[in-house]
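The exercises below practise the reading of a protein model. Please attempt each task before turning to its solution.

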Amino acid sequence: MKLESRSAVAFRGVVLPADAALAATRLGLEPSELRARHLDGAFCAALTHDSYLYEHQADAPHLTPGVLRALLILGSRWMTRELAVSAYRRRHFEKVGPLSDVVAYARPRIASWASTLDWLPQAGLYGRSLEVTQLSGRIVERILLQLIGLLCLMGEDEKVRRFVAPFLDRIHREAAGTPLLDSTSTLQQVLHQTTLSVEWSQDATGPDHARQFAARLTDSRGRTAYGNALSKKGARAAAADEYLKRYFPDALAPLPVQAPRRPLGVPPEATAAHRRTVARIVADFELDSSSTPLVSQAFMHSSWTYENQRGVRACGQRDNQILAFVGSHVLDYEFAMSLAQRAVVNPPENSDMHNLRNDSYAEAFNEMRLGPALLLSVGQVGKIETEMAANAFQAAMGAVFLSRQAPSTLLEQWPDLWRNATPYIAPAVPTRDDPATRLQELSSAADLLCDYEYSITGPDHLKQYAATLIVSSAALRRRLRIKGGGTTNKTKAKQAAATKVISAANRLAEQQPALIGRTDRSRVSPVVISFLAQHFAEVAGLAPAKARLWSNRQIFGAHHASRPDELALWASAVDQLLDETGESLNADHLAQYFRSAMASDETTQGSLRSELRWTLEWLSELAAPADIDDHEVARLVQLASAYRAIGADQADGSLRELMLTDWPVLYRNRIDVVGDVPDLILSTSELALIDSIAKALPKDHDALTARVMNGVLTFGPVRVPPDQARLLLRVWGEVSPRIQLSVDGEEVRCALPDNHFTDAGPLLTAVRSALKPSAQPLGAAVANLLHDLKNELSAARQAARTTGGGRTAELRRQADASEHLDQSKALALRIRAATSLLRAPGDESVCLAEFLRSYVASALLRLDPRFTLIAPRSSHDVSVGLDESALRAVVDNLVKNALEAMPDGGTISLEWMQVDEYAVLEVADDGPGLPRGVADALAGGHRVTSTKPGGNGLGLVGVRALLHRIGGSLEVGPSRQGARWQVTIPVVTDATAGEPDAPDLT
């Protein structure tokens, strides 16, 4: 069913200013065709990032984030289907693994490709917190996939095929010439194919903070290889790489590409029932008779092909695993299409799509009576398990799709005789994953290991199955055994046991789990809740970067981080629950976890930076000193005060002392403090925030009244114009998450934190520590630059407005004004560079090895011949939790520092390795080493004093601040000569890749 404007409620009333004509033209559509179909509004919607929608909801009254998410998922599923099908058609694959590797290889490169489409930033709509000229690949990829999803809804996927064809050609060429496995996995394949075996020995040297690991590999023929790295895993990988290069170099070479081979016939050993069912499918779907061998292959289980190898080989057949892989992506797309079609008609606020379960496909298999077609080994005949049925159904749909030459969608040409299977492929009401699948997702995200044991009781005709779930926590070094209730089959027993853990995890996600738990202890075990809470706390303390993933999965309070009051209530409730069970919680280092959760919340990030960007853009367009706007200068004053508050690092102080002692001296009769003021201890940043607001408010009366009542500091009466009220909330709202600002009539209100907890538990203590603003040295440095910028603009304005004194004096004033304006623009460039490292990290990622290879290749073209830049040697790749522009800023800063430290030339080396859930990037040089005090300043969180002429020390502090927000770090590494920086960045796991801003394309 093609998209029609009259039924697409989501796109009604859209007046978004996207360049739909430009995007349509680049995608092969005529703009006049869009207007004729009344779908130009839909195109504008697809070009909209949700950050822009959040700021301009009135321009698209029916468009929701859920609709954009549905388009994104549909576009992602189309790309995955196209990758799988095109790879299948282009080359022969012996097994499903290499085909899956090709699809996985393409996944992170879609963002890189989208970044090369220069029309996307120009045509799209992005929120003010996003810099259009510096959009990350993930952001642009999102818009591209939304457009692809819309075109699929419009029935225009042939145009999409033509558009993406060059990208697919490049991917398949690269995949054909690239070894897709890392050295350790390749070594395992070599050992599996030979009679060799290997033994490992490992050793570690150095202090705890700088351990060096060495690995030795010895095979059964006495041949050895060695590897060194900062982790055991890295050392083993290095040794495996060295071994393969010496003794099996061909194993590291890409596999030769073979032309695709298609089955020639049906093996003679196939049953008559198999042949009849295959013939029925060919007839029902009106396929050519030449499709019969491919449809037959869809029902060949690997156990059957093993027992009947001669007949299988003679007919060019194989088992159904590859067809099942293709078919799974075909059916994923059909499901996504049904969701998107519903979303544009009935716009959901959110769209959280889960893939259909094997149960659904097995039900479709049974509904269409496909059992007789499935060829199984002698010992398995009559024992069709759920996974077997699901794989066969997916393989059959893959065969049908390929036989029909890859139509737009299967369901549009769905046979009437198969309509009973439709609800299982595109259910009217999407179902959530079953408890066991959800537990698998939870385990993957939270580093749990789950296993099942089964027991069977009762006579054969009344068997009862029970499952015991064993949940293991490596972080706690503990196991928990959870027994489910008795049921009539093994699958239900597994689900019953998994439900107990999922229910406990859901309870922990509630705002007040302890209060709910007391009224419902029969369903949720306090022991399970306690075990999970302790495990989550231990993992979160060790890996704060988990906060971004856990926020999306609603794990361990991260999803409450956008509301400090809710987060505090949740932490207090969990503390209370654990206290009742008599368990203790290790809350060490949890404050950083909660800070990471708050930093990952997009709704609370970027307003201050956006206000600054507007001012810097105004300045960049300023042509003459006479055009300097007093309002913009006043904005600079507020921005400087806000950044100075963020960077304040003095000791905490008293609100009472500020209001009753300092204000009478500073403001004399301008502020009248009424009533009692509590002796509330606030951070320096919070005191600076309150003081600056009092100073900035317009004074329409003789005195401004300030009073504290019920935990709220109120200023009034004061008339705040709407634009100034917006500026007040946006500029000051990010200084402290503990102080909530609002404007109500003639009053400005500051909701103050309550720090009089006397019985705070460990979790609440960690939350309170995270909510308390900590000094950001980069903020103070930016404040100083803003202050200088304000002075230069004021001097330029004063010189431009002064008159009298004759022509020579006038020319001198014009020259002075122009010089001050030039200085202002130079300062603006420095501020822009510094604040680029202050932005929110988001959910983007980049392939580290690929980025570094590209970075070195580009840098060598412009590098002075006196310098040598050495690229990493690692042969595998990982995705890290930074977008490309942020990672480039990090590497640029460190490489630039190295270059400036070696004026006579030298060598800079880049190397990286994976250590558990982190990638450690080393930037080393052979220069004179770091100046004294730099390492100590960074370790203490202080601003670095630059020793370079004209330097301001912003680079290293900015890099450290950026990495700190994503759960990474910047540290000085051990070095005998020169400087060595170690950059730790969280690795983006497969679980992370499925989140909203990183669609899962595998």
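**Exercise 1. The chain as a whole**

Among contacts in the protein chain between residues at least 6 apart in sequence, what percentage join residues at least 24 apart?

*Solution.* This is a predicted model, in which local features need pLDDT of at least 70 and side-chain atom pairs count only at pLDDT 80 or more, while totals for chains, interfaces and linings use all residues. Residues are numbered from 1 along each chain as its sequence is written, and side-chain values use heavy atoms, with hydrogens and water left out.

Step 1. Contact means heavy atoms within 4.5 Å. Of the contacts between residues at least 6 apart in sequence, 72% join residues at least 24 apart.

Step 2. The secondary structure comprises 40 helices and 20 strands; helices (H or I, at least four residues) and strands (E, at least two) are DSSP runs, numbered from the N terminus.

Step 3. Of the 1002 residues in the protein chain, 53% are buried. Buried means under 20% relative accessible area, exposed over 50%, and partly exposed in between (1.4 Å probe, protein chains only).

**Exercise 2. The nonpolar cores**

State how many residues the largest nonpolar core has, and which helix gives the most to it.

*Solution.* Step 1. A nonpolar core is a set of buried Ala, Val, Leu, Ile, Met, Phe, Trp, Tyr and Cys residues joined through side-chain atoms within 4.5 Å. In soluble globular proteins, nonpolar side chains tend to be buried together.

Step 2. The largest nonpolar core has 126 residues, and those with the most contacts inside it are F11, F43, W119, F299, F393 and M397. Helix α17 (residues 321-345) gives the most to this core, namely 15 residues.

Step 3. A second, separate core has 61 residues, including L658, V718, L778 and A796.

Step 4. Leaving aside residues up to four places away in sequence, F11 touches L3, A42, A45, L63, V67, L150 and V344.

**Exercise 3. Two residues in helices**

Determine whether V528 and A314 are buried or exposed.

*Solution.* Step 1. V528 is found in helix α24 (residues 526-542). V528 counts as buried because its relative accessible area is 6%.

Step 2. Not counting residues up to four places away in sequence, V528 touches L480, I482, K500, V501 and A504. Along the chain, V528 and L480 are 48 residues apart, yet their C-alpha atoms are separated by 7.9 Å.

Step 3. A314 belongs to helix α16 (residues 309-314). A314 counts as exposed because its relative accessibility is 62%. The C-alpha atoms of A314 and P267, 47 residues apart along the chain, are separated by 7.6 Å.

**Exercise 4. The span of a helix**

Compare the expected span of helix α29 (residues 630-647) with the distance between its end C-alpha atoms.

*Solution.* Step 1. The expected span of a helix is 1.5 Å times one less than its number of residues.

Step 2. Helix α29 has 18 residues, so at 1.5 Å a residue it should span 26 Å. Its end C-alpha atoms are 26 Å apart, which agrees.

Step 3. At the start of α29, the backbone nitrogen of H631 has a side-chain oxygen of D629 within 2.8 Å. This is a polar contact (a pair of N or O atoms within 3.5 Å; within protein, one must be able to donate a hydrogen and the other to accept it, and residues adjacent in sequence count only if both atoms are side-chain atoms).

Step 4. Buried residues of α29 include E632, V633, R635 and L636.
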